[in-house]
Amino acid sequence: MNTTINQFQPAIAADYRDYQGGYFKVLIDPKQTNGTMALLDMTLPKGVEPPPHYHTNEDETFYLLEGSMSFHIGEEKIVAKQGDAVFAPRQVPHHFIIKTETVRFLNLITPGQFLEYFLEYSYPSTELSVVPPQGPPPAEAIMQMTNQLKSKYGVLFL
C-alpha cells in the first residue's frame with residue numbers, strides 16, 4: 001500500500017480537473033487505499049446539482065470548507081455551512097442544493113471506485129475558474145451520462 005500525506009497547498013491548475021462548471025482535485029486516490037476510499041476537494045457553482053439519486057455501491061461524506069448547501073438524505077433535510085459534515089449512506093436517496101454562489105467541500109467516497117466517474121466526466125484544468133451553468137446540458141449528453149452512471153457505476157436516479 002502506498003501511503004502519502006496530502007496537505008492543502010496553494011492551488012495549481014495542473015493539479016485540478018474541470019467538472020460541471022467548477023473543478024476538483026484528488027487528495028487521496030483509491031490506489032493509495034487498496035480501493036477503500038477516495039477523497040476529493042471540490043468547488044462547484046450554484047445550479048449544477050445532481051437530481052435525487054442513490055448509490056448502490058458507495059457511501060458519500062461531504063465536509064464543507066466554504067459556502068452553504070442543503071442536503072436531502074432519505075426523509076431528512078440538513079442545512080450545512082462551513083465546518084459541517086454530512087453523511088449520505090449507500091442505498092439511501094439523496095441530493096443537495098448549493099445555497100451560495102459557489103461551494104467548496106471535501107467529498108469522501110467509500111469505497112473509492114466512484115472516483116472513476118469524476119475522472120471520466122472531467123478534464124485537466126488550465127485555470128481555476130467557476131462558471132455558472134448557462135442552461136441545461138443537451139438532452140443527448142444527459143442521457144449518455146445517466147446511462148453510464150446506472151450501468152457502470154450503479155447510481156440510480158429517482
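Q: In what order do the strands of the open sheet of seven strands run?
A: This is a predicted model. Its open sheet holds seven strands, with antiparallel pairing. Strands of a sheet pair through backbone hydrogen bonds, either parallel or antiparallel. Here the order is β8-β5-β10-β3-β2-β1-β11.

Q: Which strands stand at the edges, each with a single partner strand?
A: An edge strand has a single partner, so one side of it is left without a neighbour in the sheet. Two strands fit that description: β8 (85-88) and β11 (123-124).

Q: Over how many bridges do strand β2 and strand β3 pair?
A: Strand β2 covers residues 22-28, and strand β3 covers residues 38-45. Two strands count as paired if there are at least two bridges between them. For β2 and β3, in the antiparallel sense, the number of bridges is five.

Q: Which residue in β3 does Phe24 stand opposite?
A: Strands β2 (residues 22-28) and β3 (residues 38-45) pair in the antiparallel sense. Opposite Phe24, in β3, stands Met42.

Q: Is Ser70 buried or exposed?
A: Ser70 is found in strand β6 (residues 68-73). Its contacts beyond four places in sequence include Lys77, His95 and Phe96. The relative accessible area of Ser70 is 1%. Buried means under 20%, so Ser70 is buried.

Q: How many degrees lie between the planes of Tyr19 and Tyr117?
A: The count of aromatic pairs comes to 16. In one of them, Tyr19 and Tyr117 lie 6.2 Å centre to centre. Planes over 60 degrees apart count as edge-to-face. This pair is edge-to-face, with an angle of 85 degrees.

Q: How many residues apart are Tyr19 and Tyr117?
A: Tyr19 sits in strand β1 (residues 17-19), while Tyr117 sits in helix α1 (residues 115-120). Their pair links distant parts of the chain. Tyr19 counts as buried at 9% relative accessibility, and Tyr117 counts as buried at 5%. The distance along the chain is 98 residues.

Q: What is the centre to centre distance of Tyr117 and Phe118?
A: Tyr117 and Phe118 form an edge-to-face pair, with 70 degrees between the planes. Phe118 is buried, at a relative accessible area of 6%. The centre to centre distance is 5.1 Å.

Q: Which residues form one aromatic cluster?
A: Tyr117 pairs with Tyr19 and with Phe118. These residues belong to one aromatic cluster. Its members are Tyr19, Phe24, Phe114, Tyr117, Phe118, Tyr121 and Tyr153.

Definitions and conventions. Residues are numbered from 1 along each chain as its sequence is written. This is a predicted model: local features need pLDDT of at least 70, side-chain atom pairs count only at pLDDT 80 or more; totals for chains, interfaces and linings use all residues. Side-chain values use heavy atoms; hydrogens and water are left out. Helices (H or I, at least four residues) and strands (E, at least two) are DSSP runs, numbered from the N terminus. Buried means under 20% relative accessible area, exposed over 50%, partly exposed in between (1.4 Å probe, protein chains only). Contact means heavy atoms within 4.5 Å. Rings of Phe, Tyr and Trp (its six-membered ring) pair if their centres lie within 6.5 Å; planes under 30 degrees apart count as stacked, over 60 as edge-to-face and the rest as tilted.
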